[in-house]
Amino acid sequence: MEGIRGKPIAKIVPLKRDEIKISSHLLTLERAGLVKIGTGKLPSDFWDINRPKDKKGLALATLLREREV
């Protein structure tokens with residue numbers, strides 16, 4: 001019997017801003033300049049941008065600690 005392994009069953013795509021309900025609190029924060037609500041699109045050079053270095057591995061250590069909880 002053949003299963004469904006290897007066959008796509010869903011596609012994950014970003015929602016457009018007008019397709020989602022944004023809370024009034026978040027909109028207030030955006031108007032105040034405290035947050036920026038995304039557009040759902042990444043800049044074309046996103047994957048080429050230099051990433052910050054974490055020579056001491058602090059980010060990974062923190063992530064692993066959080067996962068223990």
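What percentage of the 69 residues of the protein count as buried? In this predicted model, the share of the 69 residues that count as buried is 3%.

**Figure 1. Overall dimensions and secondary structure of the predicted model.** The protein contains two helices and zero strands, and its C-alpha trace spans about 60 × 40 × 35 Å along the principal axes. The radius of gyration of the protein is 19 Å, whereas a compact globule of 69 residues would have a value near 11 Å.

**Figure 2. Accessible surface and charged side chains of the protein.** About 7500 Å² of the protein is exposed, and 59% of this area is supplied by carbon and sulfur atoms. The side chains include 15 that are positive and 9 that are negative, and the centres of these two sets are 1 Å apart.

**Figure 3. Nonpolar surface patch formed by L26, L34 and V35.** These residues, L26, L34 and V35, together make a nonpolar patch of about 250 Å² on the surface. One of them, L26, belongs to helix α1, which comprises residues 24–31. L26 counts as partly exposed because its relative accessibility is 32%, a value that falls between the limit of under 20% for buried residues and that of over 50% for exposed ones.

**Figure 4. H25 in helix α1 and its separation from V35.** H25 is a residue of helix α1, the helix that also holds L26. With a relative accessible area of 56%, H25 is classed as exposed, because the cut-off for that class is over 50%. Between H25 and V35, which are ten residues apart in sequence, the C-alpha to C-alpha distance is 11 Å; V35 is also a member of the nonpolar patch that includes L26 and L34.

**Figure 5. R67 in helix α2 and its separation from V13.** R67 is located in helix α2, which runs over residues 58–68. The relative accessibility of R67 is 63%, and R67 therefore counts as exposed. Along the chain, R67 and V13 are 54 residues apart, and in space their C-alpha atoms are separated by 27 Å.

Notes: Residues are numbered from 1 along each chain as its sequence is written. This is a predicted model: local features need pLDDT of at least 70, side-chain atom pairs count only at pLDDT 80 or more; totals for chains, interfaces and linings use all residues. Side-chain values use heavy atoms; hydrogens and water are left out. Patches are made of residues with over 30% relative accessible area and no salt bridge: like charges are joined within 9 Å, nonpolar side chains (Val, Leu, Ile, Met, Phe, Trp, Tyr) within 5 Å. Accessible areas come from the Shrake-Rupley method with a 1.4 Å probe; for residues, only the protein chains shown count as cover. A salt bridge is a side-chain nitrogen of Lys or Arg within 4 Å of a carboxyl oxygen of Asp or Glu. Helices (H or I, at least four residues) and strands (E, at least two) are DSSP runs, numbered from the N terminus. Buried means under 20% relative accessible area, exposed over 50%, partly exposed in between (1.4 Å probe, protein chains only). The radius of gyration is taken over C-alpha atoms; the globule rule is 2.2 Å times the number of residues to the power 0.38. Lys and Arg count as positive and Asp and Glu as negative; His and the chain ends are not counted. The place of a charge is taken as NZ of Lys, CZ of Arg, CG of Asp or CD of Glu.
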